[in-house]
Amino acid sequence: MIVREIQLRVRYKETDKMGIVHHSNYVNYYEVARTEMLREFGTTYRTMEERGVMLPVHAVEMQFYRPAYYDDLLTVRISLPKLPQVRLRFEHEIFNEAGELLNTGSVELAFVDSQTRRPCRAPRWFVDLLAPYFSENK
């Protein structure tokens, strides 16, 4: 399992009239963490698309425990429990500055060939980027 953390600050536009983060923004927080994790592995969505692979979202699940508020500094803990095959599943936990768990969730993406728009296996080059991170954790 690979685990990383990123921090982000809640912007005013992400809150409702009560100053609470609107639920729709959590998906964006997940995406920021996912994008940064991929960058750490040495790739980006742009690179993957240039190499013929797209990663559309297949499923999103989330649970809310406590609200986040305007200007809170959040920690998004993202994990990748296993090497991908046809799908890539990320798990997320979001904490406030006090370390309280605010939200958990997962995002599952499907590998799709950009030419045929059909599901495909994770490209070998992508699996090879991730494999060393899994061997470090053993």
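## Ground rules

Buried means under 20% relative accessible area, exposed means over 50%, and partly exposed covers what falls in between (1.4 Å probe, protein chains only). By that yardstick G99, at 47% relative accessibility, counts as partly exposed.

This is a predicted model, where local features need pLDDT of at least 70 and side-chain atom pairs count only at pLDDT 80 or more, while totals for chains, interfaces and linings use all residues. Residues are numbered from 1 along each chain as its sequence is written, and side-chain values use heavy atoms, with hydrogens and water left out.

## The nonpolar core

Let's start inside. The largest nonpolar core (buried Ala, Val, Leu, Ile, Met, Phe, Trp, Tyr and Cys residues joined through side-chain atoms within 4.5 Å) has 35 residues. Those with the most contacts inside this core are Y29, F41, L74, L80, I94, F111 and F126. At least two core residues come from each of strand 1 (2-9), helix 1 (25-41), helix 2 (45-50), strand 4 (73-80), strand 5 (87-95), strand 6 (101-110) and helix 3 (124-136). Helices (H or I, at least four residues) and strands (E, at least two) are DSSP runs, numbered from the N terminus. Helix 1 gives the most to the core, with seven residues.

I94 is worth a look: leaving out residues up to four places away in sequence, I94 touches Y26, Y29, Y30, L74, T75, V76, E100, L101, L102 and N103 (contact means heavy atoms within 4.5 Å).

## Helix 1, inside and out

The 17 residues of helix 1 should span 24 Å at 1.5 Å a residue (1.5 Å times one less than the number of residues), and the end C-alpha atoms are 25 Å apart, which agrees. Its buried residues are N25, Y26, Y29, Y30, A33, R34, M37, L38 and F41. An α-helix has 3.6 residues a turn, so residues three or four places apart point the same way. Just after helix 1, G42 takes a positive phi of about 105°.

V27 also sits in helix 1, but V27 is partly exposed, with a relative accessible area of 33%.

## Strand 6 and the loop before it

T104 lies in strand 6 and, at 14% relative accessibility, counts as buried. Beyond residues up to four places away in sequence, T104 touches Y30, E61, M62, Q63, Y65, H92 and E93.

As for G99, this residue lies in the loop between strand 5 and strand 6. The C-alpha atoms of G99 and P56 are separated by 31 Å, with the two residues 43 apart along the chain.
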